[in-house]
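Dear colleague,

Please find the structure below, handed over for your own work. My notes on one helix and on the ligand follow.

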Amino acid sequence: MIELKENITNNSIEKDYSKSISLSHRKKFAQFFTPFPIADLMAKWILGNPDLKTILEPAFGLGVFSRAILSHNENLSIKAFEIDEIIFANAKNIFDEFENVSIHLQDYMYNDWKNKYDGIICNPPYFKFHDYDNKNILKEIETNLNCKLNGFTNLYTLFLLKSIFQLSKNGRCAFIIPSEFLNSDYGKLVKTYLIKSKTLRHIFVIDFEENVFDDALTTASIILCANDNETSEVQFSNIQSINDLNQIQEIINSYPNKITTKQVYNFSELNPEIKWKAYYQKQNAINFKNLVPFSKYAKVVRGIATGSNDYFTFNQSKAKEFSINEKYLLPCICRAINSKSTFFTELDFEALKSDDKIVYLLNAVNSNDKNVISYLQKGEEEQINKKFLTSSRTPWYSLENRPPAPIWVSVFNRKGLRFIRNEANISNLTTFHCIYPKQTNSFTQINIDLLFAYLLTETAKQIFEDNSREYGNGLQKFEPNDINKGKMLDLELIDEKTKESILNLYKNYKIEVTENKNGEEYLKKINEIFIEKFT
Ligand SMILES: C[S@@+](CC[C@H](N)C(=O)[O-])C[C@H]1O[C@@H](n2cnc3c(N)ncnc32)[C@H](O)[C@@H]1O
C-alpha cells in the first residue's frame, strides 16, 4: 500500500501513476488529474455545508478530492465511481484503510440515480462528442430527469447535470470543467439547468497566462453550486494567476455573504442562450456605436468536409500515379499553412502546385473516365464509402456544394481572426471557413474590398473576439455562427469620400504585401478612420 498519510496532500500519487501507465491509456479514460491546491479549495466548499454527512465523488481517479476532504475530516462517508479497472485497482489499494470510502467500478452515468448527497465533488472526463455513447446517455438522462434533450452535448456537462439532480437539501457541489461550455451551443442545456434549479453560486474562470500546473489546466472553470435558499445571485470571478486562488478561499469563507459585488447577477438576469463570457469578460463591442450583425453583410459557412482527406486530396504526383486528369480535380486550399499571406493569388496556387503540395480535391461525379473509376473502386475497397460523412452522401464521393468564397477566415487562431482574400478563386477545406458577401442593393460587389479592408483592422478583430471560444493557451476557435452572430461596424453608414480613402489605403496595403513588405501602416490608418467614425 502506498503511504497515504504522507502523500495525502500532494499529487505524488498521481505523478507515480502517470509514470507507470501509458499516455494512450490515460487519454482513453480522460485521466487528467486535479492539482491538489485546487482540489483542496473545492473540498472546502463542500465542507462548508453544515449538514454534511454523505459525499459523492463521481469520477474518482486516484481520489484527490477525497484525500483533500479526509485531510480535514477523517470520518465523513464517501461513495465513489470509477470506470477504469486499472486506476480503480490502484485507488482501492491506496484507500484500503478507509472503511468510510467505498469505490465502485461502475459507470457513474448509468448508476446511483436514486441517491442524494450532501456534497458532490468532481473533475469529470472530458471527451469529444464521438468518443462516448452519446445517444444512450442522453436517453438515460431524459428518463431520469424527465425532460427532453436534443442534439449533442459533452459528457462533462452531463456529469454536472446528474450531480446537481443528486444534491440533497443544503447539498453542495464543486466541479472543475473546461470553460468551453460557457460559450458554446452544447453548454446551453446545462446553463439552463443551473439557472432553473437555482443552485449555481459561483463560477471561477481560470485563465492562467502560463501553464502553472502539469496537466494543462489553463482554461478550466470551477463551478460551485448549493441546493440552499441562501441567495438568488451568481458571481463570476476571473482567476488569472496562482495568487488569485486565495480569492476563492475568501469567497468560500464568507458564503452566503459576498466580499465584492463585482460580476454578480441575479438568476433572472442570466440568459442561457448567449455566451456567458458577456458576464465575466470585458466586451470590446461596447466601445463602438452603429454595430450590426456580421450576417447583414456576409454569410460564413464552414469549408468542404470530405470525410477522408487522405483519399480525396491530391498533389501533382498523386494525380500522376493514378493518372487522374486535371479536369476531375478541384483546385482547393487544404492546409492553413499553405496560405500564409493576406492575399492568395493564382501565382501562389501555381507555386504550391509545382512544389507538389496538396492542392486538389477529387471531383468525380458524372465521370466515366476509366482511371477515375478505378480510383473510386480503390476507395470502395478501402471502405472510404462507409465512413461517417461519405456514407450519407449520394454518390458517396460527391463533394459538398461550396462555390469558391472570395474571403476565407481561419478556424483556429492565436492572434485574432486571420482573413484571406481568395484571389485565385479556388475552394477550401475546413481549415478555413468560407465568407460569402451578400449582394444587397446598397452593398454591391465592388465593396467586397471595403468589407475585406475592414476585416483586416484591429477594430474588426476586437469586436469579433467577444464571440470567440477559448481553447487554452490563447488558442481561439471560431465556428461559422460565432462570426455570423458576431458584430461589425455598419459600413453602409460610411460616406463615399471616406470609402474612397479607405479603398486607396487598402490598394497601397495590397501593393506592399504583394512586395513582401508588411503594409501595417496602411492598416493602422484604415483602423483610425473606423475609430473616428464609429466611436
Ligand atoms: C478527469 S479524471 C479525474 C480524476 C480525479 N478525480 C482527479 O480529479 O484527479 C476522470 C476520471 O473519471 C474516470 N471515468 C471516465 N468515465 C467515467 C464514467 N463514465 N464513470 C465513472 N468514472 C469515469 C476516468 O477513468 C478518470 O479516472
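In what follows, a residue is buried when its relative accessible area is under 20%, exposed when over 50%, and partly exposed in between (1.4 Å probe, protein chains only). This is a predicted model, in which local features need pLDDT of at least 70 and side-chain atom pairs count only at pLDDT 80 or more, while totals for chains, interfaces and linings use all residues. Residues are numbered from 1 along each chain as its sequence is written, and side-chain values use heavy atoms, with hydrogens and water left out.

Helix α15 (helices are DSSP runs of H or I, at least four residues, and strands runs of E, at least two, numbered from the N terminus) has V372, Y375, L376 and G379 as its buried residues. Seen down the helix axis, these fall within an arc of 100° (taken from the directions from the axis to the C-beta atoms), so they line one face of α15. On the other side, K370 and E381 are exposed. The cover over the buried residues includes α12 (309-312), β12 (313-314), α13 (316-321) and β15 (360-362), with contact meaning heavy atoms within 4.5 Å. Just after α15, Q383 takes a positive phi of about 60°.

Turning to the ligand, polar contacts are pairs of N or O atoms within 3.5 Å. A polar side-chain atom of D107 lies 2.8 Å from a ligand nitrogen, and one of E57 lies 3.5 Å from a ligand nitrogen. In the side chain of E82, an N or O atom is 2.6 Å from a ligand oxygen. The protein buries 98% of the 590 Å² that the ligand exposes when taken alone (Shrake-Rupley method, 1.4 Å probe).

Yours sincerely

Technical notes:
Polar contact = N/O pair within 3.5 Å; in protein donor to acceptor, adjacent residues only side chain to side chain.
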